[in-house]
Amino acid sequence: MVMKYTALCLLVLALFGSFCEAQRTGFQKPYQKPAAAAKQVPYEPQQQAKQRFEKPLTWIYPEDPQPEVVPEVPFELRYPVAAASVSVECRESAVHVEVKRDMFGIGQFINAADLTLGNCGAVAENSPGETLIFESELQNCLSSLGMTEDSLIYTFTMNYIPQPLGGSPVVRTSQAAVIVECHYPRKHNVSSLALDPLWIPFSAVKMAEEFLYFTLKLMTDDWQYERPSYQYFLGDTINIEAVVKQYFHVPLRIYVDSCVATLEPDTSANPRYAFIDNHGCLLDARLTGSNSKFMLRSADNKLQFQLEAFRFQNAESGLLYITCHLKATSASSSIDADHRACSWNNGLREITVVHHVTRVSFVFVVFEWEGDVTLGPIPIAEKMVA
């Protein structure tokens, strides 16, 4: 009985100790196993797809234009020689003079009305129409008489005063005064002596000014090189080439919209001669009867034309400035009344493009560039006549 009580006391003490320990450490919930969490898939960032093109891009931003390398040009300026176009026969009481219609030897026939012997016109013209004939008594046609110890000298002045060609202010031959003398020995038979006149040409050289995308150059006869000299003579053909630089990725076609010649760089100065007008029509052949013309295109971005050399009437200076207004459009644009290149050949005729150009059937925007380019001064000298 005593042992039962002892066991009971030990149980009570054990429970009391456990209760005190719980009071000291605080109440804790019994351990519960957590519920199974939902399985989460790790986040993987989506990679950006690389854009691909069916055709590779070929256009790149254009580089700045580089200065052109000037090649060595096989060029030699041909100076004209005196043209033996005047012949004189001194007769017993009269003078007989024959003058070739091509008086300056440049292939340009003079107008018979522009040439006089003193104040007398031509009395005849030979059948082929290439020679003018003048005859006068020794005391007529404003002649003058001079005397030396041995000779009597009758002097005539043959005056050539060219009138403007057509309705233009230009001439392609210069004024000339040829002295014709007949020497008669005071005690002997008649003799004759012709005087060889001489003109000294003026020469000067200056390079052309170039715009950023347009150039205007004087070219050699074969169109292969830029002409090193700006010196020309009446009767020469001036080869001019207009080019638009292909710095844009769009192929371009160039047009010479208008050109005017003046004695100074100012295009509004007088006298002035507009030989290309009406948006690309070369009118010089129609106005003056010259052979000036556009050449067939060899490339869309290049346009060449020929102009016969001329001078302004009554102008002391033989210098010319040529200023052209140039335009460039997309090569796919069609030719119209505002963009053309036509020459006069019994009517205005458009030049043709000699190579094929791929054209599109739709155009959303028409691009156009334009600018003025001046060549000069270009000295036009006279040719000598004998």
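The link of C259 and C324 is right-handed, with 110° about the S-S bond. C259 belongs to strand β14 (residues 252-262) and C324 to strand β20 (residues 319-330), so this pair ties together parts of the chain that lie 65 residues apart in sequence. The sulfur atoms of the two cysteines are 1.9 Å apart, and both C259 and C324 are buried. All of this is read from a predicted model. For readers new to the term, a disulfide is a covalent bond between the sulfur atoms of two cysteines.

The C259 and C324 link has company, since the structure holds four disulfides. If the bonded cysteines are counted along the chain, the disulfides follow the pattern 1-4, 2-3, 5-7, 6-8. Three of the links are worth following one by one, and the next joins C90 to C182, whose sulfur atoms are 1.9 Å apart. This pair links distant parts of the chain: C90 sits in strand β1 and C182 in strand β9 (residues 176-185), 92 residues apart. The link of C90 and C182 is left-handed, with -90° about the S-S bond. Both of its cysteines, C90 and C182, are buried.

A further disulfide joins C120 to C141, with 2.0 Å from S to S. Here the cysteines come from loops: C120 from the loop between β3 (115-117) and β4 (124-125), and C141 from the loop between β5 and β6 (144-147). The two are 21 residues apart, and this pair, too, links distant parts of the chain. The link of C120 and C141 is left-handed, with -105° about the S-S bond. How accessible is C120? Its relative accessible area is 21%, so C120 is partly exposed. Its partner C141 has 7% relative accessibility and therefore counts as buried. The cut-off behind both labels is that buried means under 20% relative accessible area.

Strand β1, the home of C90, also takes part in strand pairing. Strand β1 (residues 86-90) and strand β2 (residues 94-100) pair in the antiparallel sense over five bridges. One of the residues to look for is E89, whose bridge partner in β2 is H96. Between the two strands, a hairpin of three residues joins β1 to β2. Strand β2 has another partner as well: β2 and strand β5 (residues 131-137) pair in the antiparallel sense over seven bridges. In this pairing, V95 stands opposite S136 in β5. While tracing these strands in the structure, it helps to recall that in a regular strand the side chains alternate between the two faces of the sheet.

A look at the whole chain completes the picture. The chain has two helices and 23 strands. Its length is 386 residues, of which 39% count as buried. Which residues supply 69% of the contacts with a separation of 6 or more? In this chain, they are residues 24 or more positions apart. As for the surface, the chain exposes about 24,400 Å². Carbon and sulfur atoms supply 54% of that exposed area.

Key: Residues are numbered from 1 along each chain as its sequence is written. This is a predicted model: local features need pLDDT of at least 70, side-chain atom pairs count only at pLDDT 80 or more; totals for chains, interfaces and linings use all residues. Side-chain values use heavy atoms; hydrogens and water are left out. Two strands pair if DSSP finds at least two bridges between them. Helices (H or I, at least four residues) and strands (E, at least two) are DSSP runs, numbered from the N terminus. A disulfide is a pair of cysteine sulfur atoms within 2.5 Å. Buried means under 20% relative accessible area, exposed over 50%, partly exposed in between (1.4 Å probe, protein chains only). Contact means heavy atoms within 4.5 Å. Accessible areas come from the Shrake-Rupley method with a 1.4 Å probe; for residues, only the protein chains shown count as cover.
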